[in-house]
Amino acid sequence: MNFDAFDLSPVPAPGPDAQDPGVYRGIYGMPMFVTVPTADLHASVDFWTDGLGFIDLFTIPGQLTHLRRWAFQDVLLVAGEPAADLPAATVGFACLLDQLDGIARACTALSPGSTDGPRVTPWNTTDLEIRTPENTRVNFTAAMQLDPDSETARNLRAIGFDVPSS
């Protein structure tokens with residue numbers, strides 16, 4: 001059974017009036033989170049907060065920092081050894097289209113060469129990939145306002161999405 005669950009999500013509808021929902025500081029049972037091992041907890045916290053826009057929700061010194069951005073965008077940085085190579089998996093976070101350039105600039109200032117993009121996808125988003133100091137592949141994705149007469153809209157209709165026509 002499918003139902004409209006957009007009221008559960010902090011992600012705003014795309015468009016020129018989209019507003020950042022802001023950092024969510026409440027406590028909830030996390031339906032999903034990412035755990036990232038790091039050899040330098042302090043440097044990783046700095047990159048994730050200053051570059052990617054997360055906050056330090058709480059820290060257990062020398063062991064763990066719980067980071068958060070919007071509701072349900074939780075990352076646990078834990079003391080440990082990071083992956084030696086870039087992992088095949090990517091963790092993705094929603095953002096607004098007008099935030100991508102700022103994220104790219106901040107991450108590049110902290111770690112030159114850490115960003116790739118932004119680039120437009122066939123599923124109507126613009127994505128920015130970031131490689132963090134602990135070798136995690138992070139994708140910030142921004143939904144774009146859909147032109148109902150565009151090729152993207154036609155392609156989405158062809159695979160079963162209910163995209164209104166103009």
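**Figure 1. The bridge between L128 and F140 in the predicted model.** L128 has F140 of strand 8 as its bridge partner. The model shown here and in the following views is predicted. Strand 8, spanning residues 137–143, runs antiparallel to strand 7, spanning residues 125–131, and seven bridges join the pair.

**Figure 2. The open sheet built from strands 5, 6, 7 and 8.** Four strands form this open sheet in the order 5-8-7-6, and their pairing is mixed. Strand 5 (91–94) and strand 6 (115–120) lie at the edges, each pairing on one side only. On average, neighbouring strands of the sheet are turned by 20° against each other, with direction ignored.

**Figure 3. Helix 2 against the sheet.** Helix 2, formed by residues 100–110, packs on the sheet and touches strand 6, strand 7 and strand 8. The direction of helix 2 makes about 10° with that of strand 7.

**Figure 4. The chain as the setting of these views.** Three helices and eight strands make up the secondary structure of the chain, and from the N terminus on the elements follow the order β-α-β-β-β-β-α-β-β-β-α. The C-alpha trace spans about 55 × 35 × 30 Å along its principal axes. Of the 166 residues, 38% count as buried. Among contacts between residues at least 6 apart in sequence, 56% join residues at least 24 apart.

**Figure 5. Surface and charges of the chain.** The accessible surface of the chain comes to about 9,600 Å², with 56% of this area belonging to carbon and sulfur atoms. The chain carries 9 positive and 21 negative charges, and the mean positions of the two sets are 2 Å apart.

Key:
Residues are numbered from 1 along each chain as its sequence is written. This is a predicted model: local features need pLDDT of at least 70, side-chain atom pairs count only at pLDDT 80 or more; totals for chains, interfaces and linings use all residues. Side-chain values use heavy atoms; hydrogens and water are left out. Two strands pair if DSSP finds at least two bridges between them. Helices (H or I, at least four residues) and strands (E, at least two) are DSSP runs, numbered from the N terminus. Axes are lines fitted to C-alpha atoms, for helices over the stretch in contact, and angles run from 0 to 180 degrees between N-to-C directions. Contact means heavy atoms within 4.5 Å. Buried means under 20% relative accessible area, exposed over 50%, partly exposed in between (1.4 Å probe, protein chains only). Accessible areas come from the Shrake-Rupley method with a 1.4 Å probe; for residues, only the protein chains shown count as cover. Lys and Arg count as positive and Asp and Glu as negative; His and the chain ends are not counted. The place of a charge is taken as NZ of Lys, CZ of Arg, CG of Asp or CD of Glu.
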